[in-house]
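The following note sets out several points for a colleague who is examining this structure. It is arranged as numbered paragraphs.

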Amino acid sequence: MTTPSALERPPGVPFARRTAARLVLLPAIVLSLLPPRRIRAVLGVLRRGARPATAAEAKGARDAMCVVSLRCAGPRGCLPRSLGTALLCRLTGSWPTWCTGVRVVPPFTAHAWIEAEGRPVDEGVPDDYFTRLMAVAPVSRPAR
């Protein structure tokens, strides 16, 4: 027996934001096919010169990715969703912290997510639910 379910897509995402999300969708999917060290290297280059993303910016980007792609909105779309969200934020000059890790409680489950202002964005779980194994945070600029 199966349980019926439906993916919830966020309402009210502006047309321009949806268009930008479609632009970064293919690069995000291609990037998700790379080995973790390559993903980290590419994101490390892309984050240069970006300011840290606010929680609102990161949530808006995440919502846009979920609206334009059923894969990103689905339960197994965490990697392309998180990568697309980071790329979409970068288009506007900001960068969230991109993270991969595992669930703290059994059973073992790998996950990818983004954080802004020190907290996971729109994950629907407590802040300490996942343990980071890899993260690409915004580069902090030295004070002058």
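How many bridges join strand β3 to β6?

1. The model under discussion is predicted. In it, 6 bridges join strand β3, residues 97-103, to β6, and the two strands run antiparallel. Within this pairing, glycine 101 has arginine 132 of β6 as its bridge partner.

2. The wider sheet is open and is formed by 4 strands in the order β5-β4-β3-β6, with antiparallel pairing. Its edge strands are β5 (119-120) and β6 (130-136), each of which pairs on one side only. Strands of a sheet pair through backbone hydrogen bonds, in either a parallel or an antiparallel manner.

3. Threonine 97 belongs to strand β3. Because its relative accessible area is 13%, under the 20% limit, threonine 97 counts as buried. Leaving aside residues up to four places away in sequence, threonine 97 touches Trp113, Ile114, Glu115, Arg132, Ala135, Val136, Ala137 and Pro138.

4. Helix α3 covers residues 55-68, 14 residues in total, and reaches 20 Å from its first C-alpha to its last, close to the 20 Å expected at 1.5 Å a residue. Its buried residues include Ala58, Ala61, Met65 and Val68. The buried residues of α3 pack against three other helices, α1 (15-32), α4 (70-73) and α5 (78-91), and against strand β4 (110-116).

5. The largest pocket holds about 210 Å³ of space. Among the residues lining this pocket are Pro10, Arg62, Asp63, Cys66, Arg81, His111, Asp122 and Glu123. Helix α3 gives the most to the lining, with 3 residues. By class, the lining comprises 4 nonpolar, 2 polar and 5 charged residues. Arg62, Asp63 and Cys66 also appear among the buried residues of α3.

6. Some backbone geometry deserves a check. Most residues other than glycine have a negative phi, and most peptide bonds are trans. The peptide bond from proline 106 to proline 107 is cis, with omega near 0°; proline 107 is placed in the loop between β3 and β4.

7. Two residues other than glycine call for comment on phi. Glutamate 117, in the loop between β4 and β5, has a positive phi near 55°. With a relative accessibility of 58%, glutamate 117 counts as exposed. Aspartate 122, in the loop between β5 and β6, likewise has a positive phi near 55°. Aspartate 122 is partly exposed, at 39% relative accessibility, and is one of the residues lining the largest pocket.

Notes
Residues are numbered from 1 along each chain as its sequence is written. This is a predicted model: local features need pLDDT of at least 70, side-chain atom pairs count only at pLDDT 80 or more; totals for chains, interfaces and linings use all residues. Side-chain values use heavy atoms; hydrogens and water are left out. The expected span of a helix is 1.5 Å times one less than its number of residues. Buried means under 20% relative accessible area, exposed over 50%, partly exposed in between (1.4 Å probe, protein chains only). Contact means heavy atoms within 4.5 Å. On a 1 Å grid over the protein atoms alone, a cavity is a set of points where a 1.4 Å probe fits but cannot get out, and a pocket is an open set with protein on both sides within 12 Å along at least five of seven lines; lining residues have an atom within 4 Å of a point. Grid points are joined across faces, edges and corners, and a volume is the space filled by probe spheres set on the points. Ala, Val, Leu, Ile, Met, Phe, Trp, Tyr, Cys and Pro count as nonpolar, Asp, Glu, Lys and Arg as charged, and the others, Gly among them, as polar. Two strands pair if DSSP finds at least two bridges between them.
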